[in-house]
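Hi,

Here is the structure I promised to pass on to you. Have a look at it first, and then read on for what turned up in it.

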Amino acid sequence: MPDSHYANSPVNVHNEWDTLEEVVVGTPRNAFFSFWDPFYQYVYSPEELAAIERHLPLNQPYPARYIEAAERAMDRFVGILEAEGVVVRRLEELDHSRPFATPHWETSGGFCAANPRDAFLVIGNEIIEVPMCSRSRHFENLSYRKLFDEYSRRGARFVAAPRPHLRDELYNPDFAAADSPTPYVLTDLEPVFDAADFVRCGFDIIGQLSHVTNQAGVDWLRRHLGPDYRVHLIQSLDPKPAHIDTTLALLGPGKLLVNAAFTDVKKLPEVFRDWDVMIAPEPVPYRTQPRLMSDWISINTLVLGEGRIIVEERQEPLIQALKEWGFKPIPCAFEDYYPFIGGFHCATLDVRRSGPTAA
């Protein structure tokens, strides 16, 4: 928990369910569809990539109609957040279509800053800039720098993991082969991970290995957090594992929502032994194109605290189940944000949550 020197930090988050007081939201502006990263090129088949490109051409700026529709979805979302008393912080604009290079590789453009949950992990009073494996997102952090410098000056910790080289040797194109040392596209050449592969439960951090998080990345996080924290890994059954928030969601103390298609509920970490495990209902297939995510984006919700949960409005089976479980779902139309590869949880970064576990 925060030491006395950081007691007045504007950043303070210890779990996924305490009352949300302040949040950073992403933006789809100036987005560039650079679906060329090794993760996509190795994990998606040529047929899948061709189907995607029929709707959204690769290596080009997103068409204006996609950005405008996503901005309207974000405005609806922000309207709900503010009506519920949450302070919403916006980002500095950055042109993601500009090409850039390192000594090891070059790209015709970046991606976007639509999903702050991917790039930053907030634990306690600390913002951790994570070492993502995506080359196109290598400088995405610049969109957040002005805001996070403000938080730092006001007393928050702001640190960055070692910036990865992302050389070709980090990626294993033969990961699906029977003799592959790992079932994921990443080797352990250097630590890389996406923050969205982890969720918080006090001193227990729940995560997973995936196509964007390697064991070296998990090991770095464990060393950085120190002995007070325990990092538990689930085994993902997702056919394209990347980000844990379509697999499980921590809805409240002792309340866990699980997508049983993506993980074995009998093999959950011991920390959940006495929790109520609620099996998510089958999702309503989303309608936006191209299809860049699983329909299980349905459980990518945002908990506001006191039983309130923002849910995609078309997910009526989940909304009804949440009501039966004693929660207060708040519907919001958000599917137009999906072409930017994120739902409610992805599109936000908790800055401050208040509650007994944040004392």
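Let me start with a helix. The buried residues of α6 pack against five strands: β7, β8, β10, β11 (204-208) and β12 (230-234). Those buried positions are A216, G217, V218, W220, L221 and L225. Helix α6 itself covers residues 215-225, and the residue that follows α6 is G226, which has a positive phi, near 85°. Please keep in mind throughout that this is a predicted model.

Two of the strands just named, β7 and β8, belong to a sheet that α6 lies across. It is an open sheet of three strands with mixed pairing, in the order β7-β8-β9. The edges are taken by β7 and β9 (157-160), and each has a single partner strand, so one side of each has no neighbour in the sheet. On average, neighbouring strands here are turned by 20° against each other, direction ignored. Between β7 and strand β8 (residues 126-129) the pairing is antiparallel, over four bridges, and if you want a spot to zoom in on, I123 stands opposite E126 in β8.

Which helices lie across β7, β8 and β9? One is α5 (residues 145-153), which runs at about 135° to β9. Another is α6, running at about 155° to β8.

There is a second sheet I would like you to see. Here too three strands form an open sheet with mixed pairing, this time in the order β13-β14-β15. β13 and β15 (276-279) are the edge strands; each has a single partner, so one side of each is left without a neighbour in the sheet. The average turn between neighbouring strands of this sheet is 25°, direction ignored. β13 pairs with strand β14 (residues 255-258) in the antiparallel sense over four bridges, and G252 is found opposite K255 in β14.

Now to the cavities. How many of 30 Å³ or more does a search of the whole structure find? The search finds two.

The largest cavity holds about 110 Å³ of space. Its lining is made up of 14 residues, and those nearest the centre are E16, A249, L250, T301 and H345. The elements that contribute two or more residues to this lining are β13 (248-252) and β16 (302-305). The largest share, four residues, comes from β13, which is also an edge strand of the second sheet described above. Sorted by class, the lining of the largest cavity has eight nonpolar, three polar and three charged residues.

The second largest cavity has about 50 Å³ of space. Its lining consists of E16, R117, F120, L121, V122, A195, F198, R200 and L349. Two or more residues come from each of β7 (120-123) and β10 (198-201), and β7 gives the most, with three. By class, this lining has six nonpolar, no polar and three charged residues.

A last point that may help when you look around: E16 is in the lining of the largest cavity and also in the lining of the second largest cavity. Similarly, β7 is both an edge strand of its sheet and a contributor to the lining of the second largest cavity.

Happy to talk it through whenever suits you.

Best wishes

Technical notes:
Residues are numbered from 1 along each chain as its sequence is written. This is a predicted model: local features need pLDDT of at least 70, side-chain atom pairs count only at pLDDT 80 or more; totals for chains, interfaces and linings use all residues. Side-chain values use heavy atoms; hydrogens and water are left out. On a 1 Å grid over the protein atoms alone, a cavity is a set of points where a 1.4 Å probe fits but cannot get out, and a pocket is an open set with protein on both sides within 12 Å along at least five of seven lines; lining residues have an atom within 4 Å of a point. Grid points are joined across faces, edges and corners, and a volume is the space filled by probe spheres set on the points. Ala, Val, Leu, Ile, Met, Phe, Trp, Tyr, Cys and Pro count as nonpolar, Asp, Glu, Lys and Arg as charged, and the others, Gly among them, as polar. Two strands pair if DSSP finds at least two bridges between them. Axes are lines fitted to C-alpha atoms, for helices over the stretch in contact, and angles run from 0 to 180 degrees between N-to-C directions. Contact means heavy atoms within 4.5 Å. Buried means under 20% relative accessible area, exposed over 50%, partly exposed in between (1.4 Å probe, protein chains only).
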